[in-house]
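User: I have a model open and would like to talk through how its helices pack before I set anything up. Can you take my questions as they come?

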Amino acid sequence: MPIPPTPIHPPQILAVPNPAAPIPTAPELPAAVLFDMDGTLIDSEPLWFDMEIATLGEYGFALGREHWAHVLGQPNDVAVRYLLDVSGAPLTPGQLNERIELAMVERLGEGIEPVAGAKELFAELDAAGIPAALVTASSRRIVEACLDSIGAHHFRLTVSGNDVVRGKPHPEPYLTAARLLGVDPAHCVVIEDSPNGSRSGAAAGCRVLAIPRGSSIDPHPRITLADSLADVGLATLRGLFAAEDVGGTVHVDGAVQVSGAVQAGGTVQVDDTGDIVHAVGADEAEDLSGAGSARAEMDSAEAADGIDGPAAA
């Protein structure tokens, strides 16, 4: 089993290449695929919530399902602060986080099966020589506990929540992965499941393929929705780059949602400013004037409030 990639500290340099990962040879886009972990590659989000329920239950607080949306896809520090606010548990954020993480590490060490379609997609990417990175809000020790189950050899590098200053929905995690891979973020596909992760990828300038779990994802010109990773292949990812961003059309095969319009073999038109102006599909058409820029850039030093709203970059 290859040694999993690990970060170099201090965290300004966040990861090192995995020498066992395939060398990119494919000239076609995407130049790289950046995977979220929890909820995207492994169905760990329910496990996280179970650990949170059990831990807070020890202090007499019954954490209900209505709270899941508030912690789904959030960095640990954000989720922990929320849990303490709603529960009033007599713990510091560090103490609660430690208890939940230790329980998760123990559980994940028993193994967890990748979601349907993950192994097949990795096989296609490996065969095509397209590099992959794991980009997650989870801590480094959680990443290490999961890599044996997912397959560390598939990833050129991993970026954990410990390795960035600003986590999702800020673009820093995905900008960092693209920079370390030496690729343009605009040439990358991000695969996500949460609203915050999808916003992070879109804000970094990547194409985002989102597979929502538990929370709806707002329309965005760079976000395409899918029902399951089992429905996603390399052709799907390449199809996200089927047309130029400016003055082009995007032809969508199958039934997916592009910026709020359900398309079945349809066309999305983009004007010379990068705005999606109209969508025409076999089953439904919707005017998307003012949907927002389909191409923008954000440097990792820019403030995260620049990604609020559907026209965010």
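User: To start with, is the crossing in which α1 passes α4 left-handed or right-handed?

Analyst: Bearing in mind that this is a predicted model, the crossing of α1 past α4 is right-handed.

User: And at what angle do the axes of α1 and α4 cross?

Analyst: The axes of α1 and α4 cross at roughly 130° and come within 10 Å. That makes α1 oblique to α4, since the angle falls outside the ranges for roughly parallel, roughly antiparallel and roughly perpendicular.

User: Which residues meet between α1 and α4?

Analyst: From α1 the contacts involve Leu47, Trp48, Met51, Glu52, Thr55 and Leu56, and on the α4 side they involve Leu96, Arg99, Ile100, Glu101, Ala103, Met104, Arg107 and Leu108.

User: How do the axes of α3 and α4 cross?

Analyst: The axes of α3 and α4 cross at roughly 110° and come within 9 Å. That makes α3 roughly perpendicular to α4, a class that runs from 65 to 115 degrees. In contact there are Asn76, Val80, Leu83 and Leu84 of α3 with Pro93, Leu96, Asn97, Ile100 and Glu101 of α4.

User: Which residues of α3 are buried, and what covers them?

Analyst: The buried residues in α3 are Asn76, Ala79, Val80, Tyr82, Leu83, Leu84 and Ser87, and their cover includes α1 (45-57), α2 (68-71) and α4 (93-108). As general background, an α-helix has 3.6 residues a turn, so residues three or four places apart point the same way.

User: What span does α3 reach, and what follows α3?

Analyst: With 12 residues, from 76 to 87, α3 reaches 16 Å between its first and last C-alpha, which is close to the 16 Å expected at 1.5 Å a residue. After α3 comes Gly88, whose phi is positive, near 70°.

User: Changing topic, where are the cis peptide bonds you would point me to?

Analyst: One cis peptide bond joins Leu29 and Pro30, with omega about 5°, and Pro30 lies in the segment before β1 (32-35). Another cis peptide bond joins Lys168 and Pro169, with omega about 15°, and Pro169 sits in the loop between β3 (157-159) and α7 (172-181).

User: What about Ser160, buried or exposed?

Analyst: Ser160 counts as buried because its relative accessibility is 1%, and the cut-off for buried is under 20%. Ser160 is placed in the loop between β3 and α7, and, setting aside residues up to four places away in sequence, it touches Thr136, Ser138, Ser139, Arg140 and Val143.

User: Then where is His187, and what is it in contact with?

Analyst: His187 lies in the loop between α7 and β4 (188-192), and at 31% relative accessibility it counts as partly exposed. Apart from neighbours within four places in sequence, His187 is in contact with Leu29, Pro30, Ala31, Ala32 and Phe241, and two of those contacts, Leu29 and Pro30, are joined by a cis peptide bond. From His187 to Gly205 the separation is 18 residues in sequence, and their C-alpha atoms are 8.5 Å apart.

User: Last, how many helices and strands are there, and what share of the residues is buried?

Analyst: The protein chain has 9 helices and 11 strands, and buried residues make up 53% of its 313 residues. Among contacts with a separation of 6 or more, 61% are between residues 24 or more positions apart. The chain exposes about 13,200 Å², of which carbon and sulfur atoms supply 54%.

Note on methods. Residues are numbered from 1 along each chain as its sequence is written. This is a predicted model: local features need pLDDT of at least 70, side-chain atom pairs count only at pLDDT 80 or more; totals for chains, interfaces and linings use all residues. Side-chain values use heavy atoms; hydrogens and water are left out. Helices (H or I, at least four residues) and strands (E, at least two) are DSSP runs, numbered from the N terminus. The expected span of a helix is 1.5 Å times one less than its number of residues. Buried means under 20% relative accessible area, exposed over 50%, partly exposed in between (1.4 Å probe, protein chains only). Contact means heavy atoms within 4.5 Å. Accessible areas come from the Shrake-Rupley method with a 1.4 Å probe; for residues, only the protein chains shown count as cover. Axes are lines fitted to C-alpha atoms, for helices over the stretch in contact, and angles run from 0 to 180 degrees between N-to-C directions. Angles under 35 degrees count as roughly parallel, over 145 as roughly antiparallel, 65 to 115 as roughly perpendicular and the rest as oblique. A crossing is left-handed if the near helix is turned anticlockwise from the far one by less than a right angle, and right-handed if clockwise.
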